[in-house]
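Visitor: I am new to this structure and would like a close look at a single part of it. Please take the aromatic rings and the cysteine links, and explain the terms as they come up.

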Amino acid sequence: STAECPAIVPRCMWGARPYRGTPKPLTLPLSSVYIHHTFIPSAPCRTFAACARAMRAMQRFHQDTRGWDDIGYSFVVGSDGYLYQGRGWRWVGAHTKGYNSKGYGIGYVGDFSTTLPDPDTIALVRDGFLPCAVRTGRLHHSYTLHGHRQMGHTDCPGNSLFREIETWHGFE
């Protein structure tokens, strides 16, 4: 489709701290996408203010508690209709241990163990972000899609969201 790519809220708009150290560039196009849920915050964010606050809290946790260079996710999905730039298109993230340089890590804000994100929030990634990433040459046209749990010891992205992404194009 020739649909435009979904809007991505840049770091400056959500109040990101600077990256610590020197980011490592990704080699594009990437071959995989890893779907996550944030678990904490456990409630979906439904306004820009709430989502920006969630982004700052996650970045603080990832930098100060985990000792990472930046927020781990490549992109984060709010329930306000927007994607938020984490490490973005060009830089290796810290989302899926052992696979960070192979794919983008997309985190849904919330705990989706027993409930699903809103249908439009699902569509934002499935029908907007992923085709856009392929079309713009950042994601290989024959990409594979995985839930975080398939790559490590975790329940992430929650049972409900995992059952949903099993139906998406590229799921393996």
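Guide: Trp89 is a good place to begin: with a relative accessible area of 14%, Trp89 is buried. Here, buried means under 20% relative accessible area, exposed means over 50%, and partly exposed is in between, with a 1.4 Å probe and protein chains only. Residues are numbered from 1 along each chain as its sequence is written. The model is predicted, so local features need pLDDT of at least 70 and side-chain atom pairs count only at pLDDT 80 or more, while totals for chains, interfaces and linings use all residues; side-chain values use heavy atoms, with hydrogens and water left out.

Now the rings. A pair of aromatic rings is described by the distance of the centres and the angle of the planes. Rings of Phe, Tyr and Trp (for Trp, its six-membered ring) pair if their centres lie within 6.5 Å; planes under 30 degrees apart count as stacked, over 60 as edge-to-face, and the rest as tilted. The count by this rule is 9 aromatic pairs. One of them is the stacked pair of Trp89 and Phe129, with 5.1 Å centre to centre and 5° between the planes. This pair links distant parts of the chain, 40 residues apart: Trp89 is in the loop between strand E4 (83-85) and strand E5 (103-108), and Phe129 is in helix H3 (residues 119-135). Helices (H or I, at least four residues) and strands (E, at least two) are DSSP runs, numbered from the N terminus. Phe129 has a relative accessible area of 0% and is therefore buried. Ring pairs also bring in Phe75 and Tyr104, which form a cluster with Trp89 and Phe129.

Trp89 has a charged neighbour as well. Arg138 lies over its face, 4.1 Å from the ring centre. A charge sits over a ring if NZ of Lys or CZ of Arg is within 6 Å of the ring centre and within 35 degrees of the ring normal. Elsewhere, Arg149 lies over the face of Phe162, at 4.6 Å from the ring centre.

Helix H3 also takes part in a cysteine link. A disulfide is a covalent bond between the sulfur atoms of two cysteines. In this model, a disulfide is a pair of cysteine sulfur atoms within 2.5 Å, and the count is 2 disulfides. Cys5 is joined to Cys132, with 2.3 Å from S to S; this link is right-handed, with 100° about the S-S bond. Because Cys5 lies in the segment before strand E1 (8-9) and Cys132 in helix H3, the pair ties together parts that are 127 residues apart in sequence. Cys5 is partly exposed at 34% relative accessible area, whereas Cys132 is buried at 3%.

The other link joins Cys45 to Cys51, 2.0 Å from S to S. The torsion about its S-S bond is about 95°, so this disulfide of Cys45 and Cys51 is right-handed. Cys45 is buried, at 4% relative accessible area, and Cys51 is buried, at 2%. With the bonded cysteines of the protein chain numbered in sequence order, the pairing is 1-4, 2-3.

Cys12 is in no disulfide, and the nearest cysteine sulfur, that of Cys51, is 16 Å away. Cys12 is exposed, with a relative accessible area of 67%. Cys156 is in no disulfide either; the nearest cysteine sulfur, that of Cys45, is 16 Å away. Cys156 counts as buried, at 7% relative accessibility.
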